[in-house]
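Got your viewer open? Load the model, give it a spin, and follow along stop by stop.

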Amino acid sequence: MEIFSILLIALFIATAIYYAVFFSLIYYWHLKKITFVIVPLIFTFEFFAVGFLIISIIYILIKYLPQLFVLFK
């Protein structure tokens with residue numbers, strides 16, 4: 001398996017855990033009915049987007065770091 005696939009699966013698992021914890025906290029707080037579904041979805045998407053950006057940067061660095069070392073040697 002390629003490193004990108006492994007990190008992407010880890011991101012999906014982390015997003016599911018994040019969503020479960022956040023959803024349970026929203027249920028516990030239950031300030032408004034609309035925040036019960038909408039707010040966790042928005043924050044989960046933001047968490048996933050930031051995680052995907054970090055995974056992409058790590059993947060690019062791992063893939064092209066040896067070539068950069070050769071280039072600057």
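How many helices and how many strands does the protein have? Switch to cartoon view and count: there are two helices and zero strands. Keep in mind that this is a predicted model.

**Stop 1: the two helices.** Select residues 3-29 and colour them; that's helix α1. Now pick a second colour for residues 38-72, which make up helix α2.

**Stop 2: T15.** Stay in helix α1 and show T15 as sticks. Is T15 buried or exposed? T15 has a relative accessible area of 10%, so it counts as buried, the cut-off being under 20%. Across the protein, 16% of the 73 residues count as buried.

Next, add L11 to your selection. The T15 side chain reaches the backbone oxygen of L11 at 2.7 Å. Then show T44, F47 and F48: T15 touches these three, leaving aside residues up to four places away in sequence.

Zoom out for a moment. Among contacts in the protein with a separation of 6 or more, 65% are between residues 24 or more positions apart.

**Stop 3: the outside.** Turn on the surface. Its accessible area comes to about 6,000 Å², and carbon and sulfur atoms account for 81% of that.

Now select L53, I57, I60, L61, Y64, L65, L68, F69, L71 and F72. Together they make a nonpolar surface patch of about 1,000 Å².

**Stop 4: I60.** Finish with one member of that patch, I60, which lies in helix α2. I60 counts as partly exposed because its relative accessibility is 48%, whereas T15 back in helix α1 is buried.

Definitions and conventions: Residues numbered from 1 in each chain as written. Predicted model: local features only at pLDDT ≥ 70, side-chain atom pairs only at ≥ 80, totals over all residues. Heavy atoms only, no water. Helix = DSSP H or I, 4+ residues; strand = E, 2+ residues; numbered from the N terminus. Buried < 20%, exposed > 50% of the residue type's maximum accessible area, 1.4 Å probe, protein only. Polar contact = N/O pair within 3.5 Å; in protein donor to acceptor, adjacent residues only side chain to side chain. Contact = heavy atoms within 4.5 Å. Areas by Shrake-Rupley, 256 points an atom, 1.4 Å probe, with all protein chains shown as cover. Patch = residues over 30% accessible without salt bridge, like charges linked within 9 Å, V, L, I, M, F, W, Y side chains within 5 Å. Salt bridge = Lys/Arg side-chain N within 4 Å of Asp/Glu carboxyl O.
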